Amino acid sequence: MKKGQEYIGTIEEMKFPNKGIVNYEEVREDGVITTKVTIPGGILGQKIKFLLTKKKSKKCEGRVIDILEKSQYEDKNPVCPKFGICGGCTYQTMSYGNQLEVKKNMVKSILDEVIKEDYDFQGIIGSPEELEYRNKMEYSFGDQYKGGELCLGLHKKGSFYDIVNTNECKIVNDDYNRILDVILEYFKSQNIPYYHKMSKEGYLRHVLIRRARRTGEIIIAIVTTTTMDVDFKILCDRLLELNLLGDIVGIMHIYNDGLADMVRSDKTEILYGRDYIYEEILGLKFKISLFSFFQTNSLGAEKLYEKAREYVGETKDKLVFDLYSGTGTITQMLAKVAKKVVGVEIIEEAVDAAKENADLNGLENCDFYAGDVLKVIDEIEDKPDLIVLDPPRDGINPHALDKIINYGVERMVYISCKPTSLARDLIVLQERGYKVLKACAVDMFPGTYHVETVCLLSKKP
Ligand code: SAH
């Protein structure tokens, strides 16, 4: 095979995240040579024409040019007109049942590779809602092609710069789309420029929207640089005049002159209402501020937490650690049934919210610590009987994992948003005396390749 040439092949395997594998066979004088080519976005069973974009001894990569035959899993037309262009969704040509099948198999094969003894793989739990499930979105201002008109939406598939208008997005409630329309129309009519990531010039950067699934409360934040003086009064009025299903409870203007392409705040100005929403899950109430972590699919999170609670098991007289606790959702769910729960979370704002939430829910047996798990666990005097882990995508820092294992607790429940990081940590946990008893995938992100996994580990006698 040669880089830059086109080939035809069939996707024989799918690997997390979003990679199809073609085993390309070449008949040569010295025999048949098989080359493994990774095709981003390839779906099991598709016959494709692809361009070989990378060829190294260990790694070959290709890009789909044409789908010659659909996969047997592709039994549906995409629900969104921007599918294929927008970088948000990947799996809209598959019915939800097929998406779940594909995700389940990907998670199982990752776990099977590292779990050395028999364990109970309990399949996958689907999201209660296939569409309109997201309670948070981050949009960018930009243009769809260089010099094009102002756009507001998500990044174009595979592009760092180009933005696609996503005002027909189906994984959010239509309120999001109506809000985007108003904001985009307003700034277009005022001829206000977006911030160019390359030249570092311009004004409009991002829009962040949070909408609680159960309460319908909405907050909107418009992120700009400080390079212009724009009056937001008319825009606020137009937003508040919208006839939405939910209620706008707050509008903010965030100033960000940082160079990185991420939503952060140098200064936040509340233009209307308040800078948080209330959401309800598992009968508990949560105050969610603009930046604190909260699972993006509220009803899906209930499924995930219920599974985690089942795995945690009997907690009546136990002291539980909830490490990487975010706004304290798991901490509080367990506080209702445990002696005491200790949450540790690095984002101070999330810890403040967690404390406030615990008060709101009348829970007195939980403590929260702000800081890095790696350092904070040295300062906590309590010793856990059980530990729940829910780290970010990269998994657990090896030194932190070492300290966690040294507690020697009887059971741990590990929740992971990236099964490959989980697999890496499971290798260490097994080497250090833990056995995986059960695992279950939970889908909170229909239409995309993301998937959560919950694992129950117990200490070997
Ligand atoms: N359990 C929570 C949050 C899980 S997401 C929930 O279900 O809502 C992972 C969380 O880990 C995030 O809130 C992130 O801010 C936090 N985090 C990331 N690195 C951390 C570290 N080194 N120490 C403590 N918390 C960390």
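Start with the cysteines: this predicted model holds zero disulfides. To see an example, select C440 and C455 together. The sulfur of C440 has its closest cysteine sulfur in C455, at 9.8 Å, which is too far for a bond. Because a disulfide needs two cysteine sulfur atoms within 2.5 Å, this pair does not qualify. Looking back from C455, the closest cysteine sulfur is the one in C440. Are these two residues buried or exposed? C440 has a relative accessibility of 1% and counts as buried, and C455 is buried too, at 0%.

Now move to the ligand and show the residues around it. There are 16 of them, and the closest are Y305, E345, D372, V373 and D390. Colour this shell by residue type and you will find eight nonpolar, five polar and three charged residues.

Next, pick out some polar contacts. On D390, a polar side-chain atom sits 2.9 Å from a nitrogen atom of the ligand. For Y324, look at the backbone instead: a polar atom there is 3.0 Å from a ligand nitrogen. Then select T329, where a polar side-chain atom lies 3.2 Å from an oxygen atom of the ligand. With a surface switched on, consider how much of the ligand is covered: taken alone it exposes 570 Å², and the protein buries 88% of that.

For the last stop, go to helix 2, residues 174–189, and select N177 within it. What does N177 touch, leaving aside its neighbours within four places in sequence? Its contacts are T166, N167, E168, C169 and V172. N177 counts as buried, because its relative accessibility is 0%.

Key
Residues are numbered from 1 along each chain as its sequence is written. This is a predicted model: local features need pLDDT of at least 70, side-chain atom pairs count only at pLDDT 80 or more; totals for chains, interfaces and linings use all residues. Side-chain values use heavy atoms; hydrogens and water are left out. A residue is near a molecule or strand if one of its heavy atoms lies within 4 Å of it. A polar contact is a pair of N or O atoms within 3.5 Å; within protein, one must be able to donate a hydrogen and the other to accept it, and residues adjacent in sequence count only if both atoms are side-chain atoms. Accessible areas come from the Shrake-Rupley method with a 1.4 Å probe; for residues, only the protein chains shown count as cover. Ala, Val, Leu, Ile, Met, Phe, Trp, Tyr, Cys and Pro count as nonpolar, Asp, Glu, Lys and Arg as charged, and the others, Gly among them, as polar. Helices (H or I, at least four residues) and strands (E, at least two) are DSSP runs, numbered from the N terminus. Buried means under 20% relative accessible area, exposed over 50%, partly exposed in between (1.4 Å probe, protein chains only). Contact means heavy atoms within 4.5 Å.
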